[in-house]
Amino acid sequence: MQNIFMSLMYFIFLFWLTIWPWMLDGQNIADFKAKYPGQNELILKDKQTYRFSLYKEKPKIISDNYFESLILSEAGIQNTSESFSFSELVPLKSFDAYTIVNAKGKEKKIPINPPTEKSAESNSVFYSDVKEKKLTFNNLEIGSKKVYVYQSEFLDPYLLHRFMFANNLPVHEAELEVIADNDIKIGYKIFNDPNNEIKLTLSEGKSKTTYNWKRVENKPIKYEQNQPGYLHIAPHIVVYIKQYKSGKNTINVLGDTDLLYKYYKAFTESINKTEDPELKEIALDITKSMASDEDKIKAIFYWVKDNIKYVAFENGYEGFIPRDAKLVNARRFGDCKDMSSIITTMAKYAKIPNVNLCWIGTRRIPYSYHEIATPAVDDHMIATIDLQGKVVFLDATDKEAVFGLPTGFIQGKDAMIQRGDGFEIVKVPVVTPLENLRKESIKLTLDKTTIKGEGNISLYGINRSDFLNNIGDAAKNNRLEIIKSLVIKGNNKFLLKEYKEKNVEDRDLPYIVDYQFTLENYVVSAANEYYLSMFFNKPFEQNTIKKDREAKYEFDFLYQKDFSVSLVLPIGMKVKKLPEDISADNALMAYNVQYRLEDNLLKLNFIIENKKLLLEPSDFELWNTNMQNLKSIYNENIVLTE
């Protein structure tokens, strides 16, 4: 019996050695594959722990980070790299990284290759002090794990990072822990968690309080066309320090807009204290012939856009403090803060009142100042001027932006405007479809199945600046191809024969292209009848929203398209039947279609506009109804008979 028992135990031991690599915390790889189908890798644990303590009566913030992932397939083995970042204001204190593999029934740690380090941003127009530590893992196989841990310190208690409870990979367990001395009070706000899947556990001790937020079985973030920024989608949390005790005093840190402005104001108090004679002379010279403040500030705004090259910086507190206008003028380059600094200073020299610095978040950030009054709310700086009871936003980072209109990426956002010792929060308007008009007219003649035409297209507002930013200083063939993409009609037989641009340099006028083209095999003939569609462009045709879509649907800007086409009927040819006029107007879209036959001239007038920048899931049904109706309209053919 003893021999049988020993043999059985040996068999069980051998069996355990066989299946051990597939067992993890009571679950095997098959379980994980079933739970996360089609995934090549699973993040088992993503955890960040903040430790808030008081050192010399000021907050000391240490962050410990732990990452562990599991390889689920052969394809997952190819993902050998991971990385994390740090900076001057969040220095790295220590780190470790290794691969865990099964070696004869035991876990074995295999060191990584020597890590590399580079700037997190490395293109020609951006300098950043944010460094990225790149880790390369060895000996990966199905069932092995990648692990890295690192510790960093937050030197500024105002600048804590967000914690994301999701990733482009599935995350089995995401966890944020805050361990704070009881003399430190924290605040927090959770975003994108409609089903309350992020669970908080609170533990209060005699000297410390522990907050633990956890979300389990997180599906990967799904990329979808026209989705807004990652922060609009991923469940995440913003944690901040509200106050702490320093001796007998209570120091308020963050929690309302007054405290946030106080923090920001400290960055601007010491700039532009010394007059720059050279810059003053420029400001006075370019405004000397102008009587109104509006004309003067427009001249300054356009001068800055034309003479100060935008170069973004993120280098410690240089990412927050505007540089003196004198330095910006001498360098002839600067970031958004520097452009705001030089605009406000030049306005002061030209005696233009009510020109102010302004903090603002771009549309990639989903929060308002009233939701979360911390530096997480904004990422941009501009200038503003009050004109005729209206705030005009002066964002010089977009070289082609039209005076009087905000840039596309700040539409609808809150702006914190500095007004003397105080501030005002105002809403940036969304530019109306009519202000972003795209007006186009074409005249056509028909030669059997070939169309010959001449056209004219005018772009206004953000439509104008968006296209001119895209075309830049492209020349010759490259410019021809970009112009062609703007005016193309019908099919790939479209031939752009010649074009002429107007108002390229004058931002106050619409950008215009006159062009001539031919379009072969566009008309279909059968017996003595000819079939053609007058809709050579079909706005929003590619914008149907899929039924399983999860994310909101975002447009860069609203616009109206006013399209008219006139076809000269060949001698001896007539229209068999005209489609009926049709129009619609709802919360998301408006359009109007009119056909007219005047002597031998067949005309189509088509006006369409979208009305909402960001479509909510509740909007999808109405939007797709509009798309279905438009497709029916676009497919309507004109029948000509001889």
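The exercises below work through a predicted model of one protein chain, each with a solution in steps.

Residues are numbered from 1 along each chain as its sequence is written. Because the model is predicted, local features need pLDDT of at least 70 and side-chain atom pairs count only at pLDDT 80 or more, while totals for chains, interfaces and linings use all residues, and side-chain values use heavy atoms, with hydrogens and water left out.

**Exercise 1. The chain as a whole**

Determine how many helices and strands the chain has, and what share of its residues count as buried.

Solution. Begin with the secondary structure, taking helices (H or I, at least four residues) and strands (E, at least two) as DSSP runs numbered from the N terminus; the chain then has eleven helices and 40 strands. Next, apply the burial classes, in which buried means under 20% relative accessible area, exposed over 50%, and partly exposed in between, with a 1.4 Å probe and protein chains only; of the 642 residues, 50% count as buried. For the overall extent, the C-alpha trace spans about 110 × 80 × 45 Å along its principal axes. Finally, with a contact meaning heavy atoms within 4.5 Å, 72% of the contacts between residues at least 6 apart in sequence join residues at least 24 apart.

**Exercise 2. Two cysteines**

Explain why Cys336 and Cys358 are not joined by a bond.

Solution. Recall that a disulfide is a covalent bond between the sulfur atoms of two cysteines. The criterion used here is a pair of cysteine sulfur atoms within 2.5 Å. The cysteine sulfur closest to that of Cys336 belongs to Cys358 and is 11 Å away, which is too far for a bond. Starting from the other side, the closest cysteine sulfur to that of Cys358 is in Cys336, again at 11 Å and too far. By this rule the count comes to zero disulfides. As for their surroundings, Cys336 is buried at 11% relative accessibility, and Cys358 is buried at 0%.

**Exercise 3. The packing of H6 and H8**

Describe how helix H6 and helix H8 cross, and state which residues make the contact.

Solution. Two packed helices are described by the angle between their axes and the distance between the axes. Here the axes are lines fitted to C-alpha atoms, for helices over the stretch in contact, and angles run from 0 to 180 degrees between N-to-C directions. On that basis the axes of H6 (residues 293-307) and H8 (residues 336-349) come within 10 Å and cross at roughly 145°. H6 contributes Ile297, Ile300, Phe301, Trp303 and Val304 to the contact, and H8 contributes Met339, Ile342, Ile343, Met346 and Ala347. Sorting these residues by class, with Ala, Val, Leu, Ile, Met, Phe, Trp, Tyr, Cys and Pro as nonpolar, Asp, Glu, Lys and Arg as charged, and the others, Gly among them, as polar, gives ten nonpolar, no polar and no charged.

One residue of this contact can be followed further. Phe301, in helix H6, counts as buried at 1% relative accessibility. Leaving out residues up to four places away in sequence, Phe301 touches Ile343, Leu394, Asp395, Ala396, Ala401 and Phe403.

**Exercise 4. The enclosure of H9**

Explain why helix H9 is described as largely enclosed by the rest of the structure, and identify what covers its buried residues.

Solution. Count first: eight of the eleven residues of H9 (residues 461-471) are buried, so the helix is largely enclosed by the rest of the structure. The buried residues are Gly461, Ile462, Asn463, Arg464, Ser465, Phe467, Leu468 and Ile471. Their cover includes strands E27 (438-447), E28 (450-459), E29 (494-502) and E30 (511-519), together with helix H10 (476-487). After H9 comes Gly472, whose phi is positive, near 50°.

**Exercise 5. Individual residues**

Characterise Lys145, Ser73 and Glu57 by accessibility and setting.

Solution. Lys145, in strand E11 (residues 145-154), counts as buried at 8% relative accessibility. The side chains of Lys145 and Glu107 are joined by a polar contact of 3.4 Å, where a polar contact is a pair of N or O atoms within 3.5 Å; within protein, one must be able to donate a hydrogen and the other to accept it, and residues adjacent in sequence count only if both atoms are side-chain atoms.

Ser73 lies in the loop between strand E4 (58-71) and helix H3 (74-77), and at 15% relative accessibility Ser73 counts as buried. Glu57, in the loop between strand E3 (41-55) and E4, is partly exposed at 46%, and its phi is near 65°, a positive value in a residue other than glycine.
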